[in-house]
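Take a look at the structure below. We will go through the chain step by step, then turn to the ligand.

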Amino acid sequence: MGTKLDGRALADKLQESLKQEVSQWKEEGKRLPKLVVVLVGDDVGSQVYVRNKERAAQKIGFYSQVDRLEETVSEEALLNLIQEYNQDTSVDGILVQLPLPKHIDEEKIIMAIDAKKDVDGFHPLNMGKLFVGQPDKMPCTPFGIIRLLKEYNIEMSGKHAVVIGRSNIVGKPMAHLLLMEDATVTITHSRTKNLKELTKQADIVVVAIGRGEFLTADYIKGGAVVVDVGMNRHADGHLVGDVKFDEVSEKASFITPVPGGVGPMTISMLMEQTVANRRED
Ligand code: NAP
């Protein structure tokens, strides 16, 4: 049975240290960090993610504001709101929860956020900095995964890592961060032929495709490290990852559970980047 990579425990530890820093600022009468989260519409998954972010911010002790906007809000109104927060010096981080309704251009919205306040790390400027090796604001999910692997002293240098999924927010930056750790990286996606042949060669497999329990034990070699990014919600609200945990955990050396693996780390990285902005202020 592989060791569980306990993202919840590490996230709690990191958030405790942020809490101490923030309470020190409070005692000194300094301005506290502030994160603004904009949620458009009533997507159930998005509401859960936003609530979790709000809770973490409250636990750490900084200001968090959630703007809940109607599904029908215009792109222009959303852009104006972002401009307002860009100019507001009390705001350290702005996050627009994705996905957005179809009538709003997501790229335009991400581009509108001041790159310095882009604590999600999705702005093209921050992506570009990452890709030229000068990381600033990092995409939170891959950033959290690297931190979790390091916490468990998992060697990445010289290892073969296979990333399944090539989205801008997870797959692509994940592959790049693994490359920065000197792994040899293969990026795969829905058009990849013989996926199983590739994953079976991998020392590290990161799955981010959004298909419940897709990765079964026959996809990995014995002793592989398996990171499950997937969050797939059943109709009853029950959450499963992209990995068939019970059978893969028997074969893997380390594995992230869902929930309690990558998700809490993503939130912690968001909190960390918001606090870092206030620290640099
Ligand atoms: P996405 O934008 O939908 O991208 C999915 C990727 O998976 C695409 O690149 C797609 O390939 C690939 N794919 C789909 N089916 C595949 C298959 N059968 N074989 C190989 N590749 C396949 O998703 P995302 O935003 O990256 O998110 C992925 C999952 O992670 C979702 O479940 C999401 O909820 C979860 N997530 C979790 C966190 C967290 O904090 N834990 C954060 C973000 C996302 P093509 O490009 O060819 O279409």
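Into which domains is the protein chain divided? There is domain 1, covering residues 29–114, and domain 2, covering residues 140–263. Keep in mind that this is a predicted model. Now compare where the two domains sit. Their C-alpha centres are 28 Å apart.

The UniProt record adds names to the chain. In an unreviewed entry, it places the feature "domain: Tetrahydrofolate dehydrogenase/cyclohydrolase catalytic" at residues 5–120. Follow the chain over residues 5–120. Helix makes up 50% of this stretch and strand 16%. The C-alpha atoms at its ends lie 23 Å apart.

A second feature comes from UniProt, also marked as an unreviewed entry: "domain: Tetrahydrofolate dehydrogenase/cyclohydrolase NAD(P)-binding", at residues 139–277. Over residues 139–277, the chain is 36% helix and 17% strand. Here the end C-alpha atoms are 15 Å apart.

Next, find the ligand. Which residues around the ligand come nearest? Of the 21 residues around it, they are R166, S167, S190, R211 and T266. Sort the shell by residue type, and you get 9 nonpolar, 10 polar and 2 charged residues. Which helix gives the most to this shell? Helix α10, spanning residues 262–280, does, with 3 residues.

Zoom in on single atoms. Start with R166. One of its polar side-chain atoms lies 2.7 Å from an oxygen atom of the ligand. Move on to T266. An N or O atom in the T266 side chain is 2.8 Å from an oxygen atom of the ligand. With R211, the partner is a nitrogen atom of the ligand, and a polar side-chain atom of R211 lies 2.9 Å from that nitrogen. How much of the ligand does the protein cover? On its own, the ligand has 930 Å² of accessible area, and the protein covers 72% of that.

Finish with one residue, T256. Look for T256 in the loop between β11 (254–255) and α10. Is T256 buried or exposed? T256 has a relative accessible area of 1%, so it counts as buried. The cut-off for buried is under 20%. What does the side chain of T256 reach? It reaches the backbone nitrogen of D228, at 2.8 Å.

Conventions
Residues numbered from 1 in each chain as written. Predicted model: local features only at pLDDT ≥ 70, side-chain atom pairs only at ≥ 80, totals over all residues. Heavy atoms only, no water. Domains from an automatic or database assignment. Near = heavy atom within 4 Å. Polar contact = N/O pair within 3.5 Å; in protein donor to acceptor, adjacent residues only side chain to side chain. Areas by Shrake-Rupley, 256 points an atom, 1.4 Å probe, with all protein chains shown as cover. Helix = DSSP H or I, 4+ residues; strand = E, 2+ residues; numbered from the N terminus. Nonpolar A, V, L, I, M, F, W, Y, C, P; charged D, E, K, R; others polar. UniProt positions renumbered as here; feature names shortened; annotations may be inferred. Buried < 20%, exposed > 50% of the residue type's maximum accessible area, 1.4 Å probe, protein only.
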